[in-house]
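Student: I should like to study one part of this protein closely. Would you please take me through its strands, and then through what surrounds them?

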Amino acid sequence: MKVGLSVAAALVWIGAVTLLIVHQPDPGAATPAELRDRLASALSGHDADAFADLLDYPGSGGGDFAKDYVSVLADRGVHAVHVDLGPDAAAPTRATVSGALGDGQPFSYPLTVTSEDGRWTIAFTPPLP
């Protein structure tokens, strides 16, 4: 009887985990505008989880990379983050992140935007010409 209950519990657990994995959303955003808004929010709020959800990062280290990345932003007092997409906002290949450091100095840097299967993400690879 105990063995039967243990097997049944294990099967229920495996089924629940499988459902969670299947229903987990794909990384990225559905549109370039959503990517822009979510990226600005994640970087302004120093939200590693929200940032990791937007990354096209190889392997399984995206979460750790995102934590390190937003930690640096927080340490520098980054705020007032704004993201512009280009050269075509409807089909961007670049996101320019700008804002202010804790001491008030402005900053700006480009990131690569990628799209696959209708999902828009940020990649830390140089764009191809």
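Tutor: What follows is an account of the strands, their turns, the core and the charged pairs.

The model is a predicted one. To place the strands, begin with the whole protein, which has 4 helices and 4 strands. Read from the N terminus, the order of elements is α-α-α-α-β-β-β-β. Of the 129 residues, 28% are buried. Among contacts with a separation of 6 or more, 44% are between residues 24 or more positions apart. The protein exposes about 8,200 Å² of area, and 61% of that comes from carbon and sulfur atoms.

Let us now follow the strands in order. Strand β1 covers residues 79-86 and strand β2 covers residues 94-100; the two run antiparallel and are joined by 6 bridges. One of these pairings can be located at Gly86, whose bridge partner in β2 is Arg94. Arg94 also has a partner in β3, namely Thr112. Strand β3, residues 106-116, pairs with β2 in the antiparallel sense over 7 bridges. Elsewhere along this pairing, Ala100 is found opposite Pro106 of β3. The hairpin formed by β2 and β3 has 5 residues between the strands, and in it Gly104 adopts a positive phi near 95 degrees.

From β3 the path leads on to β4. These two strands are also antiparallel, with 5 bridges between them. Thr112 appears again here, since it stands opposite Ala123 in β4. One may therefore trace a line of partners from Gly86 to Arg94, from Arg94 to Thr112, and from Thr112 to Ala123, using the antiparallel pairings described by the bridges between strands.

The turn between β3 and β4 deserves separate attention. This hairpin has 2 residues between the strands, and Asp117 takes a positive phi near 55 degrees. Gly118 also belongs to the loop between β3 and β4. Is Gly118 buried, partly exposed or exposed? With a relative accessible area of 45%, Gly118 is partly exposed, because that class lies between the 20% limit for buried and the 50% limit for exposed. Beyond its neighbours within four places in sequence, Gly118 is in contact with Ala29 and Ala30. Ala30 is 88 residues away along the chain, yet the C-alpha atoms of Gly118 and Ala30 are separated by 6.4 Å.

Next, consider Thr121, which lies in strand β4, residues 119-123. Thr121 has a relative accessible area of 8% and is therefore buried, since the class requires a value under 20%. The side chain of Thr121 makes a polar contact of 2.5 Å with the side chain of Thr114. When neighbours within four places in sequence are set aside, the contacts of Thr121 include Thr112, Val113 and Thr114, and also Pro27, Gly28, Leu35, Leu54, Leu55 and Asp56.

The strands also take part in the largest nonpolar core. This core has 26 residues, and those that touch the most other members are Leu39, Leu43, Phe51, Val83, Val97 and Ile122. At least two residues come from each of α2 (32-44), α3 (48-52), α4 (62-75), β1, β2, β3 and β4. The greatest contribution is that of α2, with 5 residues. Val97 offers a useful view of this region: apart from residues up to four places away in sequence, Val97 touches Leu39 and Leu43, together with Val81, His82, Val83, Phe107, Ser108, Tyr109 and Leu111.

Helix α2 leads us finally to the charged side chains. In general, side chains of opposite charge can pair when their charged atoms come close. How many salt bridges does a search of the whole structure find? The search finds 2. In one, Glu34 is joined to Arg38, with the closest N and O atoms 2.9 Å apart. Because Glu34 and Arg38 are 4 residues apart in helix α2, about one helical turn separates them. Glu34 is partly exposed at a relative accessible area of 28%, and Arg38 is likewise partly exposed, at 29%. The other salt bridge joins Arg36 to Asp37, where the closest N and O atoms are 3.0 Å apart. Arg36 counts as partly exposed at 30% relative accessibility, and Asp37 is partly exposed with a relative accessible area of 44%.

How values were computed
Residues numbered from 1 in each chain as written. Predicted model: local features only at pLDDT ≥ 70, side-chain atom pairs only at ≥ 80, totals over all residues. Heavy atoms only, no water. Buried < 20%, exposed > 50% of the residue type's maximum accessible area, 1.4 Å probe, protein only. Polar contact = N/O pair within 3.5 Å; in protein donor to acceptor, adjacent residues only side chain to side chain. Contact = heavy atoms within 4.5 Å. Areas by Shrake-Rupley, 256 points an atom, 1.4 Å probe, with all protein chains shown as cover. Core = buried A, V, L, I, M, F, W, Y, C linked by side-chain atoms within 4.5 Å. Salt bridge = Lys/Arg side-chain N within 4 Å of Asp/Glu carboxyl O.
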